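Here are a few exercises to work through with the model open beside you. Try each task yourself, then follow the solution step by step.

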Amino acid sequence: MLSQTNMGPASGERTDGDVPSVDIRVSDLDVNFGQARKALSGVNLAVRQGEFVALIGASGCGKTTLLNVIAGLVPAAAGSAMIRKSAPAAGRRDICYILARDALLPWRTLLKNVEYGLEVSGVPRDEREKTALAYIEKVGLLNYRDFYPSRLSQGMRQRVSLARAFAVGRQVYLMDEPFSALDSQTKLMLHDQLLDLWEMSGATVVFVTHDIGEAITLADRVVVMSKRGTGVADEIPIDIPRPRSAEALQADSRYHDLYRRTWTSLKASTE
Amino acid sequence: MSDSVSSEAGLGHAVRASDSRSGSILAGRAIFLIAFLALWQAAVAYGFADPAFVSSPTSIVEAFWKLVEDGDLAPNLLTTLVEIMISFALSVVLGIASALVLDRSDWLNRILSPFLTAFNSMPRIALGPLFILWFGIGIASKVVLAVSLGYFIMLLSTLGGLKNVDRDLLLMSRLFGASELRLFRDVRLPWALPSIFAGLRLTLIYCSGGAVIGEMIAAQSGLGLLVQSFSGRFDVASVMALILVVAFLVMALTALMDWVERRLLEWSKGSTDVPG
């Protein structure tokens, strides 16, 4: 339950000097579903600015619920969640949420879909196309910019979804298993693209997944959540240097050591 | 992405295949029509069918020319066309507007839905004589009858489209910070558009039917009035000629709508839904 152990003594609410400030702080959070069922109780979590945190845990451990509290989609019954020093709210202009499904608008071309996020964010018309094209190029889909989503593969659609999200350049990114529907080859490619986009953005990320390999490949820190919804069971710092390559990591012994360590921890959390 | 490139090639191939096939389909349709007309004509000519009951293709053409030459067709056609256009426009505007209100207010929807179902379950054609009694034998009674049919079709198909909008698209837009207005303009409305077009096509057919049937009950002019008077004189050829005129009128209006739909719903055409 003591999730702030790795936070180091200097990193609190104060943001002086070189110490990165806390972007997301969840304190003693309770969430109830219906009358009696507790989805989460007494959860604590802190995420530093610019940090990439992966939340893993058995299904039903409340990892998506925690993410949705941070996104302002689920209310807290007790305790609090603060994001960049203010309370959660859906549609905040400093938070971007990437859904498990790509949620592309089927009547818009790839380019217009990426522009959609910019439109909603109030970016002027003449800047939209330029920014959108730059991000479409970053995910390698420039040749497909005039295609409708129905003509793109699942992997390509999810890349469009990433481009749309990062084109709006927000401070906090929340992702709910965005790659769960993809095959493992496509997944590795999207991991690299996500890492590229994130490293350029410098954003804070909370990434929910049930895939241990994915969590280790992407994150600075893997947070294992306890099965009973009591929050953080274990934390594993991922000290693999960046930039990382998802494919090269597959043959990296550190990756496999961390995988074993996380697996053991995940196993323990379900007992 | 080799998979997408192959799908692109596959799509191009499919388009070309349908192009080359459309010629043979047109020829097939022509052959079917000619064979049907020839059989009909032959059956009457050789005494297998009584022309007093089924007429014949040549007498229908003659009857049509007579209607044109006597100057009966144009003014009656105009009356019917005006009735169809007014009732169609009213059905579409009122139907879509009501659907938008009912979609936004679940409370109102739950109060009104049994009444809407009840009214929609009534045989409106049977109400025709009452509409004549209330609104007279002019255009108004036909428009009311046609709208009473078309309005519900438009309302229900639009509401159906608005209700089943993809939750993830709404959630994504909301989380990006979209306003309610934008949710409507950029998500709900485009999502409902295919259902709206399906409704438009049916509404046109039902408005045409409503107008003609209303005219058959009691009218001062209109194609339905002509149908009624020719039926009374057992002039089968003229009745059939008039019914064909109505059919061609509706087909022409439908073709116009198809053209608009193709332009607006380009995204839903030729979708291959590439897996993987």
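**Exercise 1: two helices of chain B**

How close do the axes of helix α4 and helix α9 of chain B come, and at what angle do they cross? Keep in mind that you're looking at a predicted model.

Solution.
- Step 1. Find helix α4 (residues 73-104) and helix α9 (residues 180-217) of chain B; their axes come within 9 Å and cross at roughly 140°.
- Step 2. Name the arrangement. Angles over 145 degrees count as roughly antiparallel and 65 to 115 as roughly perpendicular, with oblique for what is left, so α4(B) is oblique to α9(B).
- Step 3. Check the hand: α4(B) passes α9(B) in a right-handed crossing.
- Step 4. Look at who touches whom. From α4(B) come residues including Ile84(B), Phe88(B) and Val92(B), and they meet a set in α9(B) with Leu200(B), Leu204(B) and Cys207(B) among them.
- Step 5. Sort the contact of α4(B) with α9(B) by class, and you get 10 nonpolar, six polar and two charged residues.

**Exercise 2: two helices of chain A**

Describe how helix α2 and helix α4 of chain A cross, and which residues make their contact.

Solution.
- Step 1. In chain A, the axes of α2 (residues 110-120) and α4 (residues 154-167) come within 8 Å, crossing at roughly 30°.
- Step 2. The crossing of α2(A) past α4(A) is right-handed.
- Step 3. On the α2(A) side, pick out Leu110(A), Asn113(A), Val114(A), Tyr116(A), Gly117(A) and Leu118(A). On the α4(A) side, look for Val160(A), Ala163(A), Arg164(A), Ala165(A) and Ala167(A).
- Step 4. Those contact residues of α2(A) and α4(A) split into eight nonpolar, two polar and one charged.

**Exercise 3: the three-stranded sheet**

In which order do the three strands of this open sheet in chain A sit?

Solution.
- Step 1. Read across the sheet: β2-β1-β4 in chain A, with antiparallel pairing.
- Step 2. Spot the edges. β2 (37-48) and β4 (78-83) of chain A each pair on one side only.
- Step 3. Zoom in on one pair: eight bridges join β1 (residues 22-33) of chain A to β2(A). For instance, Val26(A) has Leu45(A) as its bridge partner in β2(A).
- Step 4. Neighbouring strands here are turned by 15° against each other on average, direction ignored.

**Exercise 4: the six-stranded sheet**

Which strands form the edges of the six-stranded sheet in chain A, and what lies across it?

Solution.
- Step 1. The order is β5-β6-β7-β3-β8-β9 in chain A; the sheet is open and its pairing is mixed.
- Step 2. The edges are β5 (95-98) and β9 (232-237) of chain A.
- Step 3. For a parallel pair, take β5(A) and β6 (residues 172-176) of chain A, joined by four bridges. Ile95(A) has its partner Val172(A) in β6(A).
- Step 4. Now add helix α8 (residues 253-269) of chain A, which lies across β3, β8 and β9 of chain A and runs at about 175° to β9(A).

**Exercise 5: backbone oddities**

Where do Pro243(A) and Lys85(A) lie?

Solution.
- Step 1. Recall the usual case: most residues other than glycine have a negative phi, and most peptide bonds are trans.
- Step 2. The bond from Arg242(A) to Pro243(A) is cis, with omega near -5°. Pro243(A) lies in the loop between β9 and α7 (246-249) of chain A.
- Step 3. Lys85(A) isn't a glycine, yet has a positive phi of about 70°. Lys85(A) lies in the loop between β4 and β5 of chain A.

Key: Residues numbered from 1 in each chain as written. Chains lettered and ligands numbered in written order. Predicted model: local features only at pLDDT ≥ 70, side-chain atom pairs only at ≥ 80, totals over all residues. Pairing = 2+ DSSP bridges. Axes fitted to C-alpha atoms, helices over the stretch in contact; angles between N-to-C directions. Left-handed = near helix turned anticlockwise from the far one by under 90°. Contact = placed C-beta atoms within 7 Å. Nonpolar A, V, L, I, M, F, W, Y, C, P; charged D, E, K, R; others polar. Parallel < 35°, antiparallel > 145°, perpendicular 65-115°, else oblique.
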